[in-house]
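Grab your viewer and work through these exercises at your own pace. Each one comes with a solution in steps.

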Amino acid sequence: MSVGALGGAAQDATLPVLSPARFWSPVHRDLMLTLLLLAFLPNLPAMQTGQDLIPRDYLTIPPVDSRGRRPFRPDAVLEKHIWPLDAEPPVEGESLTGERGEEQVWKVAQANEAGTLSQGVGHAYTSLELPAREVRLARLSGASTLHVNGRAYSGDVYRFGFGGVPVQLEAGVNHFYVSGSRGGFTLTFPVSESGLYHGGWDDTVPHLTAGEAARGALGLELANLSEHPTGPIQVRYGGEGLDQRVINFEGLAALGVNQFSLPLSGKGPGVDRTEPVALNVRVTHAPPSSKAASRPARVLDFNLDLKVVQPGQKVLRTYESGVDGSVQRYALVPPSAAEEGAAVEEAEMGMVLSLHGASVTAWRQASCYRQRPDFWLVAPENRRAFGFDWQDWGRRDAYDVLDLALVESDVSRRKTYVTGHSMGGHGAWHLAANDLDGFAACAPSAGWESFDSYGGRPQGELRELWHAADASSKTLDLIDNLKQLPVYVLHGTADSTVSAKEALTMMGALSEANGTFEAHFQGGAGHWWGDQCMDWPPIFEFFRGKSIPEMPLSIDFTTVAPSIDSTHHYVHVEQPMRYGEPLRIQGKLDPDASLAEFTTKNVQLFQFELPYSSVQLDGQLLEVEPHEGGHWFRRSEESWSQVEGGPSSTEKSAARSGTLKRAFDNQFLMVVGTGGNEAEDRALAARAAFDAGVWRYRGNGRAEIWTDEKLQSSLEETAGRNIILYGNSETNSAWSLVLDEGCPIQVRQGVVELKRGEDRERYEGEDIGCAFVFPRRGEEETLVGVLADTGVLATRLGSVLAPFVSGVGYPDYAVFDSGILSRGDGGVLAAGWMDSSWVIPAR
């Protein structure tokens, strides 16, 4: 068969001719076995360093398992060829059967000279033999995951053009598996200088405005192409009209990649400036103290161009996210100058939140709109062009950006509207449905209802549980909210990407619920029919004059969870009776009688904020002392009582609650254990690095990774931050520092113990994983997300979890074993919600 080349054409392997008389001599028998091995392992001829490594020969297999949006994904290839510590690579002709139940066979396939394998595959395997150990950039485009010698790395599945991630290649044979491809992929290992590296492909750079002070920050991505940490990093930067600044950062770990925030300040470019401003950047780092004597400091010098726009023009801005400290982009479209004699009253100015579709950037979204005299428009980025479908951290990004735009524009919050196209159309439905009093009107264009109606999600034994943890995405279930909101629906009749049936389904539900809406279906139009499918004049006419009601005398409020939406006008919900089920409050006010009447469903604790003297709850009349702070009410069994205040610091609240995804907030810090053996510590570090890489790729994110030893010595520095723990109580010494003794889930080597009510459940094995969320010890507002394991095998299951994928819901806790690789949900041992006291209820 053909074997790999160093960026050139494939060469034929020439086999020696063996004499039949001597064929079975011991020497020739060993030679024959070696040659047979070479025939089944692609690319084994020794490679020379200093050249691009381009695998050409692959073994590929069609999909044997379904993928899709679910928290535990079966993977028969991982189970057989990657996950075991003694895994063997596949051979040509070997068969495998997975979840789909269809036997598939590994077959030979060849990439072109650029390293592109054009055919779609389930998994692909290749190998390279190197004469020496070295660090390279692995550049995988068109696929989501690359395993290198058993360690997982994130790929550039959406083909953003990113230049790769650092990987460690070993002397001898290296094994590579590619999975999650989208119609083919390209894999190369280009030559690059070792040490600190700036590729320039993923910096987050804002615009400057002529004649205005610099604002925002620049996100600088740096990588460490070394098996040694860098030591402290110093960044000096400045430019014409920009302050010269020096910032010191902690160094990058071996093979580390992260974003560094560089705040911008200064008087800015001159009023006549039209050319970009060059930001001069110098990055230096000293080697670790143990290497200082033999390795000099590394210096990187480069310029970054900052585009200059004129006042009043569309502009790309940035801000630093409270989620992780990363720098995120958004685009702002200010109003056009009003015609003479037609000035817009300040009270009539509106703010439009416009959400982009998949693969569209914030700047491209804003570029589709013309400026109008009576509207500001702001386009967030969803953290990436694909991002999170405007859910999870995408929704958070939308609200963070909206708040910034309202401050800059001084537009009233009551004059806020939401619209979006395609994925952004779903986002418009999603934000409006989950924030009933957040927008004065909603206008989805080519939007889809939910992941189940558009694309679908895999079936599974625990489908309802996972979907309950992602209930906010099911906008049709929140039609009782949407029916109260003015809605304008726009869609093309010939849309083959998002069928017009999606719009008709939502409109039918609105009609049945007695909601009001307007709609336009563009005859013969497909999914994209030019800027007008977003910048549609009737939408803006529809928005004009509409405002969020100030004090409605009747309300009907549904929320899937207080952590998603807790407040509606004058009611504030903190706790449900049962987590994982929606809450609903219907009420009416009689101001003359100082009487408020409410009926509730699945509400345990809420606040009524008006100073009324009588409150009727589910038919029970309570006389209360009116005061400006309002009243708190708690339900116990079948009766209500007034209480002094909201949740205690030991209880769940709207601000501190599950699900698991909620832990990735408050500038979260990943902490890996170092108390195991070498293999365990290495596996934990690799697992955290993979999660950090996926977070960086999907969310333009920043993730710091500390060891448990560092957390112990610097615990006070982490106050106010969420912690993500990797390991267990024996391998990670931070466990007892951040988790209270009352935590109902305890994990140590070989054992998971779960306290359910007064009973205890015990799970034993080396392949048991656990994911859960719990309050951080000694703090009142922060959380700990725990990704625990009972051993190395459990840690190595991490790459099939999907905590950063929208449409995937994890409840408060889940315990699982390696059975997930073959049976998906069948490998889940326990999962569900903790109650309002962070206790797992009895069955």
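**Exercise 1: a pocket and its lining**

β9 (134-148), β12 (172-188) and α10 (678-699) each put at least two residues into the lining of the second largest pocket. Helices (H or I, at least four residues) and strands (E, at least two) are DSSP runs, numbered from the N terminus. Before you start: this is a predicted model, where local features need pLDDT of at least 70 and side-chain atom pairs count only at pLDDT 80 or more, while totals for chains, interfaces and linings use all residues. Residues are numbered from 1 along each chain as its sequence is written, and side-chain values use heavy atoms, with hydrogens and water left out.

Task: work out which element gives the most to the lining of the second largest pocket, and describe that lining.

Solution.
1. The volume is about 1,300 Å³. A pocket here is an open set of points on a 1 Å grid over the protein atoms alone, where a 1.4 Å probe fits, with protein on both sides within 12 Å along at least five of seven lines; lining residues have an atom within 4 Å of a point. The volume itself is the space filled by probe spheres set on the points.
2. Of the 49 lining residues, Arg-67, Gly-68, Tyr-158, Arg-698 and Val-805 are the closest to the pocket's centre.
3. α10 gives the most, with 5 residues.
4. By class, the lining splits into 22 nonpolar, 16 polar and 11 charged residues.

**Exercise 2: a three-stranded sheet**

Task: find the order of the open sheet that holds β43, β44 and β45, and its edge strands.

Solution.
1. The order is β43-β44-β45, paired antiparallel; two strands pair if DSSP finds at least two bridges between them.
2. β43 (745-748) and β45 (759-764) are the edge strands, each pairing on one side only.
3. From one strand to the next, the twist averages 15 degrees.
4. β44 (residues 751-756) and β45 share 6 bridges, and Arg-756 has Asp-759 in β45 as its bridge partner.

**Exercise 3: two cysteines**

Task: why is there no bond between the sulfurs of Cys-770 and Cys-743?

Solution.
1. The structure holds 0 disulfides (pairs of cysteine sulfur atoms within 2.5 Å).
2. For Cys-743, the nearest cysteine sulfur is that of Cys-770, 8.4 Å away.
3. There's no bond because that distance of 8.4 Å is too far.
4. Cys-743 is buried (under 20% relative accessible area, 1.4 Å probe, protein chains only), at 4%. Cys-770 is buried too, at 1%.

Notes. Axes fitted to C-alpha atoms, helices over the stretch in contact; angles between N-to-C directions. Buried < 20%, exposed > 50% of the residue type's maximum accessible area, 1.4 Å probe, protein only. Nonpolar A, V, L, I, M, F, W, Y, C, P; charged D, E, K, R; others polar.
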